[in-house]
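Please go through the fold shown below and work out how its strands and helices are arranged. Short questions with reasoned replies would suit best.

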Amino acid sequence: GKICFMLQEQYRAYRNEDRSRKKQTALSMMVLRKMLHNSVSEKDTALTWLLIGAIFFAMRLCEYLHTSAEESKCTKIIRLKNITFKLGNSILQHSDPMLHSATLVRIQFKYQKNEKRDIRVHMFKSGDSCLCPVIAWSTTVRRIMSIPNSSPDTKVCAFKDKSGNISNITAEH
């Protein structure tokens, strides 16, 4: 049950060579509430709803925002077809007017960096009018579905730009 002495020394050498990690402070839910309240453009509002939805699923940026290295990464961005809403035992269509009343939202993660595929994670409605995964994702789905030429393959970071075309919210935003 003990680790070989030589392996212990090797592991210690690895720890000594690893650079220390720069810790990042967590984003407060109060900040997200303020961001939503202070949003002035469609893109600001869309980004805030994405952040609120993503925080409940502990998503990394590359899962919900367009990144420059998107094609080379194993992790795939969430698309409309990866989001499912349930009310009781019934699955709600994205066009359902009661989408915001769903009891849970489920997201299918196609491919993760830990090499797990097609993992489905669900979150229940929180009851908060703003900080709720069901409200955040139903708002995002409705926003995207209102864009001309959107489809089930449209990325969740899509928004209608000033010229009326589909653009993507990027990690730089």
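The questions below deal with a predicted model.

Q: In what order do the four strands of the open sheet stand?
A: Strands of a sheet pair through backbone hydrogen bonds, either parallel or antiparallel. In this open sheet the pairing is antiparallel. The order of the four strands is E2-E1-E3-E4.

Q: Which strands stand at the edges of the sheet?
A: An edge strand here has a single partner strand, so one side of it is left without a neighbour in the sheet. From one strand to the next, the twist averages 30°. The strands at the edges are E2 (90-92) and E4 (117-124).

Q: Which residue in E4 stands opposite isoleucine 107?
A: Strand E3 covers residues 104-111 and runs antiparallel to E4, with seven bridges joining the two. Opposite isoleucine 107, in E4, stands valine 121.

Q: At about what angle does helix H5 run to strand E1?
A: Helix H5 is made up of residues 133-145. It lies across E3 and E4 as well as strand E1 (83-87). Its angle to E1 is about 125°.

Q: How far apart are the end C-alpha atoms of H3?
A: H3 has 15 residues, which at 1.5 Å a residue should span 21 Å, the expected span being 1.5 Å times one less than the number of residues. The distance in the model agrees with this. The end C-alpha atoms are apart by 22 Å.

Q: Against which elements do the buried residues of H3 pack?
A: Buried means under 20% relative accessible area. The buried residues of H3 include Leu47, Trp49, Leu50, Ile52 and Phe56. They belong to a set that packs against helix H2 (29-38), H4, E4 and H5.

Q: Is alanine 58 buried or exposed?
A: Alanine 58 is found in the loop between helix H3 (42-56) and helix H4 (61-64). Its phi is positive, about 50°, although it is not a glycine. Most residues other than glycine have a negative phi. With a relative accessible area of 66%, over the 50% cut-off, alanine 58 is exposed.

Q: What is the phi of asparagine 149?
A: Asparagine 149 lies in the loop between H5 and strand E5 (158-160). At 74% relative accessibility, asparagine 149 counts as exposed. Its phi is positive, in a residue other than glycine, with a value near 70°.

Conventions
Residues numbered from 1 in each chain as written. Predicted model: local features only at pLDDT ≥ 70, side-chain atom pairs only at ≥ 80, totals over all residues. Heavy atoms only, no water. Pairing = 2+ DSSP bridges. Axes fitted to C-alpha atoms, helices over the stretch in contact; angles between N-to-C directions. Contact = heavy atoms within 4.5 Å. Buried < 20%, exposed > 50% of the residue type's maximum accessible area, 1.4 Å probe, protein only.
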